[in-house]
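Dear colleague,

I am handing over to you the structure that I have been looking through, and I would like you to keep it open beside this message while you read. My notes on what was found follow below.

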Amino acid sequence: MTYNIKIMEKTFKQQIPICFATDDNYVPFLTVALASLLDNASKENFYKIYVLTSKLSQENMDSILKQKTENSSIEFIQLSKELDKVENLFHLRDYYSKETYYRIFIANLFPQYEKVLYLDCDITVLADISELYNTQIHGYYVAAAQEEVMQTFEVFGNYVEKADGINRKDYFNAGILLINCKRWRNKLIAERFVDLLNRYTFRVVQDEDYLNVLCKDNVKRLPLGWNKTSYKNENFDDKNLKIIHWKINWRPWKYKDVLYEEYFWKYAKMTDFYDKLINMRDSRTEEDKKKDDILMENLCNMAQEDADDPNNYHRTGGKKGIFGSLWATFIHIIKFRKVINASIFRRKR
């Protein structure tokens, strides 16, 4: 079977490697993302889709595999066996899971690729993703779009400037990334991430904060249409809409009348989860909505606290918490490299 797939891949114009990361909780949204991506994919290309995960039920894997087309493959990359060994490093809160950090290791996990697309599960794709993949990123670590939320909410724009030391106009969203794997590996971005993770905890946007400070001044800006938040932006023309990113409380499975929701439901109908997603939305109570408001309020307060903190990343250079920890960092990096090498070896067998 593997041999036949390899023969088939050679008949296509281009091979597009794409990574998602998920656990069982996000599978319904992942299948919608896959349905939309492959429905808009060029028949000339072959789309190699990798699903990075710690653990998935067989039922969910079967639902994901139903989205596979003649010009695509879907492979599950099981990372828990190795990454559980460094799991204690990952800082998590609210709805975050350890899978959110997997994107940082993609370049190391796939040494055969010079560049790879990483996509969040909570998206809907409206254009051929190969157009994004073919963006020229020579000399950059990554290509990404501006984080729209930082432009919309003063508290978050203030946070990234005062806590991260990054101009809010330059802060990017990490949910859609074109990773220059060759440069990522050469510049030891994953190793530098492990080092920083050992020294400093970002509380607000977590993995996105780490990526922004590590990639600062080495980011190719993508047009906003490749990563549009589902709320109105007077400066954005909807004719340029290519990927919708369903963030925070602007999610059609949580609320009705979300901007662009018709695209989400169009592709949800192509999956096993349409009824479940409708029920998710319609069964939500006023108490659930109050929890969302509280979560947003807490996030705003946290952003303000960290912006004002004299020991934040920007003011200390990321040295908060652990001084003289070079030995601990060295041990973590050695362990990380063993973990990555073990993951690659297990895949090849």
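Please bear in mind from the start that this is a predicted model. I begin with strand β9 and strand β10, the latter covering residues 243-245, which pair in the parallel sense over 2 bridges. If you would like a single place to look, find T229, which stands opposite H245 in β10.

These strands belong to an open sheet of 3 strands, whose order is β5-β10-β9 and whose pairing is mixed. The edges of this sheet are β5, at residues 123-125, and β9, at residues 228-229, each of which pairs on one side only.

The other part to look at is around strand β1. This strand spans residues 14-22 and is mostly covered, since 7 of its 9 residues are buried, that is, under 20% relative accessible area. Strand β1 runs parallel to strand β2, which takes in residues 45-53, and 9 bridges join the two. Within this pairing, Q15 has F46 in β2 as its bridge partner. To get from β1 to β2, the chain passes through helix α2, at residues 27-39, and the resulting β-α-β crossover is right-handed.

Strand β1 is also joined to strand β4, made up of residues 115-119, by 2 bridges, and these strands likewise run parallel. To find this pairing in the model, you can look for I18, which stands opposite L117 in β4.

With best wishes

Methods:
Residues numbered from 1 in each chain as written. Predicted model: local features only at pLDDT ≥ 70, side-chain atom pairs only at ≥ 80, totals over all residues. Heavy atoms only, no water. Pairing = 2+ DSSP bridges. Helix = DSSP H or I, 4+ residues; strand = E, 2+ residues; numbered from the N terminus. Buried < 20%, exposed > 50% of the residue type's maximum accessible area, 1.4 Å probe, protein only. Right-handed = clockwise from strand over helix to strand, strands pointing away.
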